[in-house]
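Biologist: I am new to this one. Could you take me through how its parts pack together?

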Amino acid sequence: MDSPEVTFTLAYLVFAVCFVFTPTEFHSAGLTVQNLLSGWLGSEDAAFVPYHLRRTAATLLCHSLLPLGYYVGMCFAASEKQLYYPSQTPETWRAFLLLALMLPTITCTLIYYWSRDRWARHPLARTLALYALPRSGWRAVASSVNTEFRRIDKFATGVPGARVIVTDTWVMKVTTYRVHVAQQQDVHLTLMESQQHDLSPDSHLPVQLLTIRVASANPAVQAFDIRTWRPAS
């Protein structure tokens, strides 16, 4: 069980899980898509919407390359399998290689579709377009979001993969692959779940973990859930 093939598989599996879910140690070491591509992504504070248009696309592409990275690594870790000659590899490995090539190909096609018309087809841009005035477009709404995000009185909490941001006008949830946006005056909050915990990781006091559904009055805007702690009553 100590063969290079098994060792590499276990090590790569740990790396892939940590790269996707980015624990604190990976953030501290700078092993995140945001840090590795910071020069291209730009600044979140300077331009919130353009930053996340690029970040979600880059994250999706980087994660789709992980299976291909595993195959390339196995070419060296298990050289006796001759994986660098696909025509001579077992059928299982050929199928895996095909899948590993298809994932980034499909992802690149999707990103190209999103980026058409200056990212107007991206899910975030489509959501913002629902709030645009009749003679304006999603970019005018994006400008408003950018301006409010730069203000120091905004509220932001949560881990990088599930951040909740509340500004004067907007409620937003930033996840790994998507940014959910809803206008405060249109939202309806519903308590979906409440879990009692004996100790809080921060204060060591009893707390409740609340799951709240944020639903817009506009049915075209997708509802999303936010999770927050509160002292137990």
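Modeller: Gladly! Axes are lines fitted to C-alpha atoms, for helices over the stretch in contact, and angles run from 0 to 180 degrees between N-to-C directions. Helices (H or I, at least four residues) are DSSP runs numbered from the N terminus. This is a predicted model, in which local features need pLDDT of at least 70, side-chain atom pairs count only at pLDDT 80 or more, and totals for chains, interfaces and linings use all residues. Residues are numbered from 1 along each chain as its sequence is written, and side-chain values use heavy atoms, leaving out hydrogens and water.

Biologist: What makes α5 roughly perpendicular to α9?

Modeller: Helix α5 (residues 48-64) packs against α9 at about 105 degrees, with the axes 7 Å apart. Roughly perpendicular covers 65 to 115 degrees, so α5 and α9 earn that description.

Biologist: Which residues of α5 and α9 meet?

Modeller: Phe 48, Val 49, Pro 50 and Leu 53 of α5 meet Trp 138, Ala 142, Val 145, Asn 146 and Phe 149 of α9. To meet here is to have heavy atoms within 4.5 Å.

Biologist: Why is the largest set of 31 residues called a nonpolar core?

Modeller: Because a nonpolar core is a set of buried Ala, Val, Leu, Ile, Met, Phe, Trp, Tyr and Cys residues joined through side-chain atoms within 4.5 Å, where buried means under 20% relative accessible area (1.4 Å probe, protein chains only). Phe 48, Val 49 and Leu 128 have the most contacts inside this core. Helix α9 (residues 138-150) gives the most to the core, with five residues.

Definitions and conventions: Buried means under 20% relative accessible area, exposed over 50%, partly exposed in between (1.4 Å probe, protein chains only). Helices (H or I, at least four residues) and strands (E, at least two) are DSSP runs, numbered from the N terminus. Angles under 35 degrees count as roughly parallel, over 145 as roughly antiparallel, 65 to 115 as roughly perpendicular and the rest as oblique.
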